[in-house]
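User: I'm new to this structure and would like to learn how to read it. Could you walk me through some of its features?

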Amino acid sequence: MFNYQIYISFYTILRKEVNRFFRIWTQTLLPPVITQTLYFVIFGGFIGSRISGFEEEFGISYMAFIVPGLVMMSVITASFSNVVSSFFGAKFQKSIEELLVSPTPNWIIIAGYVGGGVLRGLLVGLIVYLVSFTFVPDLRVDNPLLVIIFVFLTAVVFSLAGFLNSIFAKKFDDISIFTTFVLTPLTYLGGVFYSISSLPDTWQIVSRANPILYMINGFRYGFYSQSDVNIWISFGILAVLTVVLWYVNYYLLKKGVGMRS
Amino acid sequence: MQTAISIKNLSKTYSNGFQAIKDINLDIPQGGFFALLGANGAGKTTIIGILTDLVRKTEGTVKVFNYDIDKNMNDAKRCIGVVPQEFNFNIFEKVINIVVDQAGYYGIPRNEAIPRAMEVLEQLGLKDKAEEQSKNLSGGMKRRLMIARALVHKPKILILDEPTAGVDVELRHGMWKYLTKLNEEEGVTILLTTHYLEEVEQLCEEAAIIKQGQIIKQDKVSNLLRSLESEAYFIDVKPETLNKNIKLVGFDLKIVDDSTLEAVLQKNQVINDLVKELDKYNIAVQSIRPKGNRLEELFLNVLSDK
């Protein structure tokens, strides 16, 4: 396939994906905004205001502290669920065969679906970020470039993870199991609402095994220049996960796992 | 003439150990109209799956317009449009989007794909349904949508896996007409699997009969029909002229009812002789019609090893 034709294939998948999540915006864009707003109100407003000494210890209000975590949480959930539901839906209806019988290369199929997941993740993240100004009007961003790099790579990683989940999924239950039992607990325990420095030593060690902790802290470092972990390790984890997940997906798609017999 | 599809020693064993096809050899000429006949599970869909990259072969070579699928699968895919047996499009998508997106997967830009899509939709009588969600189409329309989708990138080969299954008679005949036009006027090579043997007799030049993953007979449809050892006919006669004690020497004849006879003619017998014999008994013949589809008869004979 010539490069221009590859570009057209990629654009076609991406356009279809973007149209899909805009068409069902009440399911894809609105719910995360409502959920995160509730977190702001309940955790940031009602509970956060009763936490004493937080601002003295961290130099920012509790409400400001949770903003990066909540943005990241919405990005992770949106990018993952976009790819997993769209790609599994295509497998379930067999419309994925439209792509498999075409000369679209496997890496373009992955790039197209992941591109859709990244765009939805970033869009939801941007909306939550804008909503957060209602609660934290003086929200600051110390290093916008770091913020962009971390949020982008996180959206890529979870879109790739969604793709991987949908390759193996055989029924709709299979796409919710990972979200319920792995993704949600890891996100909640990934330092969205607290700094791990406030945990006992043992739990600090356990927390460091959670890759989402590194993503949220790297992202938070871009806002306030403070993190529980070394941000280069955070960046390294994201880079390694991106490369590994990409190749695993490519290998499985090339082998036709779950799609070709 | 160039070969459109060349299959040599093709075999496929699925991961559960089931050998779906065994050592298949098949050449389909460019511009041909070829049928694959076989009972359910005979291996027809597996062959189509291998040609379209949905099934991975175990052994053998497959070339599509000289593109070896092991080396140039994407070039081979560009030559093929496929209409599968089951509906495989997004039921929530609009008809036009399904066809335009398919063109996009073949690298055709939208400004070119949209008029092309409208053209094929018009040819298949779906132009006024272009903005409909595909789930709202009738079964026949859904099947035509899949044909439109398969043709939007102008393939040299069209593969149809039981395209008229569940389609009403009028629509089936409309589809036959369209496929014949595609084949004759635009030179598209057509490979068809079907259960309607009448379809093969009407449309195809050549056919292969598959049984348990192997081709057991392959020839021009006309030659296949000629190979029939005998053929059965119904003879409609005027009831008042029918002599119930009739006995014709050399003919296998039986009385069905007051106005119908059934005759089985061997390959070396001619129908004129039979009519002459009936005339001797003053039986007035009104019409003669084949008892069943001739190809069906052959198909059943071959499958039952007669």
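**Reading the model, one feature at a time**

Analyst: Let's begin inside chain A. The buried residues of α11(A) pack against α5, α8 (144-168), α9 (172-188), α10 (201-207) and α12 (231-255) of chain A. Keep in mind that this is a predicted model.

User: How many residues of α11(A) are buried?

Analyst: The idea is to count neighbours: a residue is called buried if 20 or more other C-beta atoms lie within 10 Å of its own. For α11(A), 12 of the 14 residues are buried, so this helix is largely enclosed by the rest of the structure. Among them are A:Ile212, A:Leu213 and A:Tyr214, and also A:Asn217 and A:Arg220.

User: What should helix α11 of chain A span at 1.5 Å a residue?

Analyst: For the 14 residues of α11 (residues 211-224) the expected span is 20 Å, and the end C-alpha atoms are 20 Å apart, which agrees. After the helix comes A:Ser225, with a positive phi near 60°.

User: Which elements does chain A have, in order from the N terminus?

Analyst: Start with the element list. Chain A has 12 helices and 0 strands, so its radius of gyration is the next thing to look up: the value is 19 Å, close to the 18 Å that the globule rule gives for 261 residues, so chain A is as compact as a globular protein of that length. In order, every entry reads α, from the N terminus on. The C-alpha trace spans about 60 × 35 × 35 Å along its principal axes. Buried residues make up 44% of the 261 residues.

User: What share of the contacts in chain A joins residues 24 or more positions apart?

Analyst: Here you look at how far apart in sequence the contact partners sit. Counting contacts with a separation of 6 or more in chain A, 81% are between residues 24 or more positions apart.

User: How many residues does each chain bring to the contact between A and B?

Analyst: Take each side in turn. Chain B brings 24 residues and chain A brings 20. On the chain B side, the elements giving two or more residues are α2 (73-78) and α3 (95-105). The largest share of that side comes from α3(B), with 4 residues. By class, the chain B side has 11 nonpolar, 7 polar and 6 charged residues.

User: Which residues touch the most other members of the largest nonpolar core?

Analyst: To read a core, look for the members with the most partners. In the largest one, of 141 residues, these are B:Val99, B:Ala148, B:Ile159 and B:Ala207. Helix α5 (residues 62-92) of chain A gives the most to this core, with 18 residues. A second, separate core has 6 residues, including B:Ile235 and B:Leu261. Back at B:Ala207, the residues it touches include B:Phe34, B:Leu37, B:Val200 and B:Leu224, leaving out those up to four places away in sequence.

User: Is β7(B) mostly covered or hardly covered?

Analyst: Count the buried residues, then check which way they point. In β7(B), 5 of its 5 residues are buried, so to speak of it as mostly covered is fair. B:Ile157, B:Ile159 and B:Asp161 point one way and B:Leu158 and B:Leu160 the other way. Strand β6 (residues 80-83) of chain B pairs with β7(B) in the parallel sense over 4 bridges, and B:Ile80 stands opposite B:Ile157. β7(B) also pairs with strand β8 (residues 189-193) of chain B, in the parallel sense over 5 bridges. There, B:Ile157 stands opposite B:Thr189.

User: How many residues of strand β14 of chain B are buried?

Analyst: The count is 0 among the 6 residues of β14 (residues 285-290), a hardly covered strand. Strand β11 (residues 230-237) of chain B pairs with β14(B) in the antiparallel sense over 5 bridges, and B:Phe234 has B:Arg289 as its bridge partner.

User: Which residue in the loop between β4 and β5 of chain B has a positive phi?

Analyst: Most residues other than glycine have a negative phi. B:Phe65 is not a glycine, yet has a positive phi of about 45°; its loop runs between β4 (59-64) and β5 (67-68) of chain B. B:Phe65 is partly exposed, with 19 other C-beta atoms within 10 Å. B:Lys154 also has a positive phi, of about 55°, and lies in the loop between α5 (139-151) and β7 (157-161) of chain B. B:Lys154 is partly exposed too, with 14 other C-beta atoms within 10 Å.

Note on methods: Residues are numbered from 1 along each chain as its sequence is written. Chains are lettered from A and ligands numbered from 1 in the order in which they are written. This is a predicted model: local features need pLDDT of at least 70, side-chain atom pairs count only at pLDDT 80 or more; totals for chains, interfaces and linings use all residues. The radius of gyration is taken over C-alpha atoms; the globule rule is 2.2 Å times the number of residues to the power 0.38. Two residues are in contact if their C-beta atoms, placed from the backbone, lie within 7 Å. Ala, Val, Leu, Ile, Met, Phe, Trp, Tyr, Cys and Pro count as nonpolar, Asp, Glu, Lys and Arg as charged, and the others, Gly among them, as polar. A nonpolar core is a set of buried Ala, Val, Leu, Ile, Met, Phe, Trp, Tyr and Cys residues joined through C-beta atoms within 7 Å. The expected span of a helix is 1.5 Å times one less than its number of residues. Two strands pair if DSSP finds at least two bridges between them.
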